Amino acid sequence: RLVAFQDLSPWQQLDSRFQGAVRADGTLRGASNALQAIIDLDAQKLRFGTFEVATVKVNADVYLNPKQVTASHIDAQLQHVSAGADRYDHVTLRATGTAQAHEATLTAGGTTRRGSLTTHGGWNGDHWQGAINNLILEPSTGQVWRSEGAAPLTLSAKNIQLEPLCIAFENNRFCVEGAMNERGQYGRIDVPVLNLDVLQPWLPANLILRGALQAHANLNITPDGNPVGYATVTLPEGKMSRNADLLPDSTLDFKSTALDVRLNSDQLTLTIQSDMDNIGSVRGALQVGGEAFTTTPADAEMTGTLNVSVSDLTQLGPFIPNIKDIGGRANIDLKAAGRLNQPHLELNAVLEQGHVHVTPANLQVGEIGLAINGSTDNGFNIRGDARSGEGALALRGYAFQDDVVGWKLTSSLRGDHVTAMNTRQVRVLLSPDID
């Protein structure tokens with residue numbers, strides 16, 4: 001029998017992240033080739049880096065016999081567990097059975113999140129073979145994701161393989177499978193249906209999402225390290241609203257939103273598109289590749305384009321804080337080429353016929369115009385105009401890249417009796433003349 005107590009404070013000389021105290025009481029019985037180990041372990045205030053546990057209690061009755069027929073038992077309980085921002089009130093592990101046939105259940109629970117995992121299987125020669133019997137995830141109050149049937153699982157030093165594991169909540173479904181062995185690595189994710197309202201617990205209270213997306217991803221890595229795969233995300237129709245009633249004046253309607261990623265050894269291609277009903281559209285494409293892509297990705301060659309067109313800014317107003325009214329139209333064209341770590345950019349951005357009402361200052365700004373155009377080689381010209389109250393404001397600028405200090409901006413701001421605040425208590429007029 002062995003009884004030991006260890007204060008982990010001296011361990012801080014080896015690693016300052018260690019804290020806590022551990023007490024163990026163990027008994028060994030039997031012959032050298034058929035031992036029974038009975039272990040009781042208690043730990044208090046354990047800490048390693050950002051991982052903390054208030055209390056740990058472990059009770060184990062284990063038979064160490066290659067031909068074991070008597071069932072072993074392991075019961076572990078952890079209280080108040082935290083790892084960074086993730087916190088759980090309790091984590092328990094209960095396992096029973098022999099080396100050739102055993103079952104284990106892991107549960108974790110917090111204030112708003114809970115989950116459990118049950119597996120069964122056993123050792124067969126040099127590998128463990130079994131299945132994930134049951135997986136339950138409660139990422140937020142009211143959402144309970146459950147696995148659909150058992151998912152076979154094989155583990156060994158040279159082989160890891162998980163057959164399709166699918167979890168579902170209402171009509172939402174998520175599936176994953178994968179393998180890693182001498183033939184390479186393989187992984188697949190399928191999301192046949194995911195309703196956007198399941199994301200509501202993590203969104204601001206006054207922001208509502210509606211719609212159903214589909215996603216699929218597949219990745220293969222050959223033994224020599226060449227990756228081949230794809231990922232697609234599509235949202236045929238969606239709505240984003242600032243209120244639960246989906247009033248027309250505070251709702252954005254998305255049509256045909258899609259993201260497509262293709263990876264083929266030394267080349268990555270990405271495309272994105274989205275149409276906003278009666279508002280505008282987004283189109284983008286990026287291609288990265290070349291000999292440096294697999295060795296030093298930052299030096300890889302790239303080409304890309306992005307276009308954002310908004311024909312009417314009015315419907316964006318409810319989604320911008322402290323804005324009561326906004327209008328105008330905007331267009332952004334961006335082209336990129338060169339290396340990822342030193343791209344060459346060409347930009348042409350225009351805002352026309354803009355107007356906005358800033359509610360905290362009761363500020364009405366109209367006749368807004370802004371244009372930015374140029375390139376990283378020749379610099380970017382900036383021209384902006386606006387009217388606030390009876391005064392006009394003019395911004396002129398030039399941004400360029402200096403070989404010594406990096407990006408520099410020269411600009412001027414001119415105005416005459418421009419209203420900067422117009423509340424009942426305070427009225428502010430400015431006539432800036434700034435270089």
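Student: Why is R414 called partly exposed?

Tutor: R414 has 34% relative accessibility. Buried means under 20% relative accessible area and exposed means over 50%, with partly exposed in between (1.4 Å probe, protein chains only). R414 falls between these limits, so it counts as partly exposed. The model is a predicted one, where local features need pLDDT of at least 70 and side-chain atom pairs count only at pLDDT 80 or more, while totals for chains, interfaces and linings use all residues. Residues are numbered from 1 along each chain as its sequence is written, and side-chain values use heavy atoms, with hydrogens and water left out.

Student: What makes the contact of R414 and D433 a salt bridge?

Tutor: A salt bridge is a side-chain nitrogen of Lys or Arg within 4 Å of a carboxyl oxygen of Asp or Glu. For R414 and D433 the N to O distance is 3.1 Å, so the pair qualifies. R414 lies in strand β26 and D433 in strand β29 (residues 433-434), 19 residues apart. D433 is exposed, with a relative accessible area of 59%.

Student: Which residues are joined into one network by salt bridges that share partners?

Tutor: E177, R188 and D190. The structure holds 19 salt bridges in total.

Student: How do you know that R387 and E367 meet in a salt bridge?

Tutor: Their N to O distance is 3.8 Å, which is within the limit, so the pair counts. The two sit in separate strands, R387 in β24 and E367 in β23 (residues 363-375), 20 residues apart. A strand here is a DSSP run of E with at least two residues, numbered from the N terminus. E367 counts as exposed at 58% relative accessibility, whereas R387 is partly exposed at 33%.

Student: Why is the pair of F380 and W407 called tilted?

Tutor: The structure holds three aromatic pairs, and this is one of them. The ring centres of F380 and W407 are 5.9 Å apart, with planes at 35°. Rings of Phe, Tyr and Trp (its six-membered ring) pair if their centres lie within 6.5 Å; planes under 30 degrees apart count as stacked, over 60 as edge-to-face and the rest as tilted. The angle is neither under the lower limit nor over the upper one, so the pair is tilted. F380 is buried, with a relative accessible area of 10%, while W407 is partly exposed at 45%.

Student: What makes the pair of Y398 and F400 stacked?

Tutor: Their planes are at 20° and their centres 5.4 Å apart, so both criteria are met and the pair is stacked.

Student: How do you know that a disulfide joins C166 to C175?

Tutor: A disulfide is a pair of cysteine sulfur atoms within 2.5 Å. The S to S distance of C166 and C175 is 2.1 Å, so the pair fits. The structure holds one disulfide, and both of its cysteines, C166 and C175, are buried.

Student: What makes a residue part of the lining of a pocket?

Tutor: On a 1 Å grid over the protein atoms alone, a pocket is an open set of points where a 1.4 Å probe fits, with protein on both sides within 12 Å along at least five of seven lines; lining residues have an atom within 4 Å of a point. The largest pocket has 15 such residues, with L137, E138, P139, W145 and W202 nearest its centre. Strand β9 (127-140) gives the most to this lining, with three residues.

Note on methods. Helix = DSSP H or I, 4+ residues; strand = E, 2+ residues; numbered from the N terminus.
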